[in-house]
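Subject: The structure for you to look at

Hi,

Here is the structure I promised to hand over to you. Have a look at it first, and then read on for what I found in it.

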Amino acid sequence: KNVAIKIGNDILEIEGSVDADDADAHYWFNFQYQGELDTFAGFPVTQKGFTYKRQYIIDLSSKYPGASIVVQLYKEFVRGKFSGDQ
(Lines give C-alpha, C1' and ligand atoms only; values in the text may rest on other atoms or scores of the structure.)
Protein backbone atom coordinates (compact mmCIF):
# COMPACT_ATOMS: atom_id res chain seq x y z
CA LYS A 1 0.00 0.00 0.00
CA ASN A 2 2.92 2.40 0.50
CA VAL A 3 6.65 2.81 0.14
CA ALA A 4 9.12 5.15 1.85
CA ILE A 5 12.51 6.15 0.48
CA LYS A 6 15.17 8.02 2.42
CA ILE A 7 18.29 9.50 0.86
CA GLY A 8 20.38 11.73 3.10
CA ASN A 9 17.97 13.94 5.05
CA ASP A 10 15.11 13.69 2.52
CA ILE A 11 12.19 11.29 2.93
CA LEU A 12 9.63 10.46 0.25
CA GLU A 13 6.58 8.36 1.09
CA ILE A 14 4.20 7.30 -1.69
CA GLU A 15 0.84 5.65 -1.07
CA GLY A 16 -1.59 3.86 -3.35
CA SER A 17 -5.37 4.25 -3.19
CA VAL A 18 -8.17 1.70 -3.42
CA ASP A 19 -10.56 4.29 -4.88
CA ALA A 20 -10.38 4.15 -8.71
CA ASP A 21 -11.97 7.61 -8.88
CA ASP A 22 -9.28 9.15 -6.66
CA ALA A 23 -7.25 11.30 -9.06
CA ASP A 24 -4.98 12.80 -6.39
CA ALA A 25 -1.35 11.82 -6.00
CA HIS A 26 -0.79 10.64 -2.42
CA TYR A 27 2.78 11.37 -1.42
CA TRP A 28 4.60 13.11 1.41
CA PHE A 29 7.90 14.86 0.81
CA ASN A 30 9.71 15.49 4.09
CA PHE A 31 6.40 15.00 5.93
CA GLN A 32 4.60 17.62 3.80
CA TYR A 33 1.58 16.24 1.91
CA GLN A 34 2.03 16.83 -1.82
CA GLY A 35 5.10 18.99 -1.22
CA GLU A 36 7.14 20.35 -4.12
CA LEU A 37 8.64 17.28 -5.81
CA ASP A 38 10.91 18.44 -8.63
CA THR A 39 13.99 17.01 -6.94
CA PHE A 40 14.60 14.48 -4.18
CA ALA A 41 17.96 14.55 -2.35
CA GLY A 42 19.35 16.52 -5.29
CA PHE A 43 18.14 14.02 -7.90
CA PRO A 44 15.45 14.94 -10.46
CA VAL A 45 12.01 13.33 -10.06
CA THR A 46 9.56 12.63 -12.89
CA GLN A 47 5.89 11.85 -12.28
CA LYS A 48 3.90 10.05 -14.96
CA GLY A 49 0.36 8.75 -15.15
CA PHE A 50 -2.98 9.78 -13.79
CA THR A 51 -5.81 8.64 -11.52
CA TYR A 52 -5.15 5.15 -10.18
CA LYS A 53 -2.06 4.33 -12.28
CA ARG A 54 1.07 6.39 -11.61
CA GLN A 55 4.84 6.19 -11.84
CA TYR A 56 7.57 8.13 -10.04
CA ILE A 57 11.13 8.02 -11.35
CA ILE A 58 14.07 9.28 -9.30
CA ASP A 59 16.98 9.68 -11.72
CA LEU A 60 20.25 8.89 -9.93
CA SER A 61 22.38 9.30 -13.09
CA SER A 62 24.20 12.41 -11.87
CA LYS A 63 26.00 10.33 -9.23
CA TYR A 64 25.35 6.74 -10.38
CA PRO A 65 25.32 6.61 -14.21
CA GLY A 66 22.30 4.79 -15.63
CA ALA A 67 20.70 4.19 -12.23
CA SER A 68 17.21 5.14 -11.08
CA ILE A 69 14.59 4.32 -8.49
CA VAL A 70 11.17 3.62 -9.99
CA VAL A 71 7.96 3.50 -7.93
CA GLN A 72 4.86 2.26 -9.77
CA LEU A 73 1.32 2.39 -8.42
CA TYR A 74 -1.75 0.56 -9.62
CA LYS A 75 -4.66 1.38 -7.33
CA GLU A 76 -3.51 0.30 -3.85
CA PHE A 77 -0.62 -1.83 -5.13
CA VAL A 78 2.85 -0.27 -4.94
CA ARG A 79 6.01 -1.56 -6.59
CA GLY A 80 9.46 -0.15 -5.98
CA LYS A 81 12.52 -1.14 -7.95
CA PHE A 82 16.09 -0.03 -8.35
CA SER A 83 17.25 -0.21 -11.94
CA GLY A 84 20.38 0.60 -13.87
CA ASP A 85 23.95 -0.46 -14.26
CA GLN A 86 25.37 -2.24 -11.23
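Before we start, one term: a residue is called buried when its relative accessible area is under 20%, exposed when it is over 50%, and partly exposed in between. Please also keep in mind that this is a predicted model.

**Strand S2 and its neighbours**

With that term in hand, look at strand S2, residues 10-15. Which side chains of S2 are buried, and which are not? Asp10, Leu12 and Ile14 point to one face and are buried, whereas Ile11, Glu13 and Glu15 point to the other face and are not buried. There is a general pattern to compare this with: in a regular strand, side chains alternate between the two faces of the sheet.

S2 has a partner in S1, and the two pair in the antiparallel sense over six bridges. They form a hairpin with two residues between them. In the turn you will find Gly8, with a positive phi of about 60 degrees. S2 also pairs with S3, again in the antiparallel sense, over three bridges. One pair to find there is Glu13 and its bridge partner in S3, Trp28.

**A visit to Asn2**

Asn2 lies in strand S1, which covers residues 2-7. Its bridge partner in S2 is Glu15. Is Asn2 buried, partly exposed or exposed? Its relative accessibility is 43%, so Asn2 counts as partly exposed. Leaving out residues up to four places away in sequence, Asn2 touches Glu13, Ile14, Glu15 and Val78. If you would like a distance to check on screen, try the C-alpha atoms of Asn2 and Pro44: they are separated by 21 Å, and the two residues are 42 apart along the chain.

**The five-stranded sheet**

Next, turn to the open sheet of five strands, which come in the order S5-S6-S7-S8-S9 with antiparallel pairing. S5 and S9 are the edge strands, each pairing on one side only.

You can walk through the sheet pair by pair:

- S6 and S7 run antiparallel and are joined by six bridges; Gln47 has Tyr56 in S7 as its bridge partner.
- S7 and S8 run antiparallel and are joined by seven bridges; Gln55 stands opposite Gln72 in S8.
- S8 and S9 run antiparallel and are joined by seven bridges; Val71 stands opposite Gly80 in S9.

S6 and S7 also make a hairpin, with two residues between the strands. Thr51 in this hairpin takes a positive phi near 40 degrees.

**Two more positive phi values**

Ala41 is not a glycine, yet it has a positive phi of about 55 degrees. You will find Ala41 in the loop between strand S5 (39-40) and strand S6 (43-50). Ala41 has 27% relative accessibility, so it counts as partly exposed.

Lys75 is another residue other than glycine with a positive phi, near 55 degrees. Lys75 is in the loop between strand S8 (68-74) and strand S9 (77-83). With a relative accessible area of 28%, Lys75 is partly exposed.

**Inside: the nonpolar core**

In soluble globular proteins, nonpolar side chains tend to be buried together. In this model, the largest nonpolar core has 17 residues. Which of them have the most contacts inside the core? They are Leu12, Ile14, Tyr27, Leu37, Phe40, Tyr56 and Ile58. The elements giving two or more residues to this core are S2, S3, S6, S7 and S8. S8 gives the most, with three residues.

Phe40 is a good residue to zoom in on. Apart from neighbours within four places in sequence, Phe40 is in contact with Ile5, Lys6, Ile7, Asp10, Ile11, Leu12, Phe29, Val45 and Ile58.

**Outside: a nonpolar patch**

Finally, look at the surface. Tyr52, Tyr74 and Phe77 make a nonpolar patch of about 320 Å² there. Tyr74 sits in strand S8. Its relative accessible area is 41%, so Tyr74 is partly exposed.

Enjoy exploring, and write back with any questions!

Best wishes

Note on methods
Residues numbered from 1 in each chain as written. Predicted model: local features only at pLDDT ≥ 70, side-chain atom pairs only at ≥ 80, totals over all residues. Heavy atoms only, no water. Helix = DSSP H or I, 4+ residues; strand = E, 2+ residues; numbered from the N terminus. Buried < 20%, exposed > 50% of the residue type's maximum accessible area, 1.4 Å probe, protein only. Patch = residues over 30% accessible without salt bridge, like charges linked within 9 Å, V, L, I, M, F, W, Y side chains within 5 Å. Areas by Shrake-Rupley, 256 points an atom, 1.4 Å probe, with all protein chains shown as cover. Salt bridge = Lys/Arg side-chain N within 4 Å of Asp/Glu carboxyl O. Pairing = 2+ DSSP bridges. Core = buried A, V, L, I, M, F, W, Y, C linked by side-chain atoms within 4.5 Å. Contact = heavy atoms within 4.5 Å.
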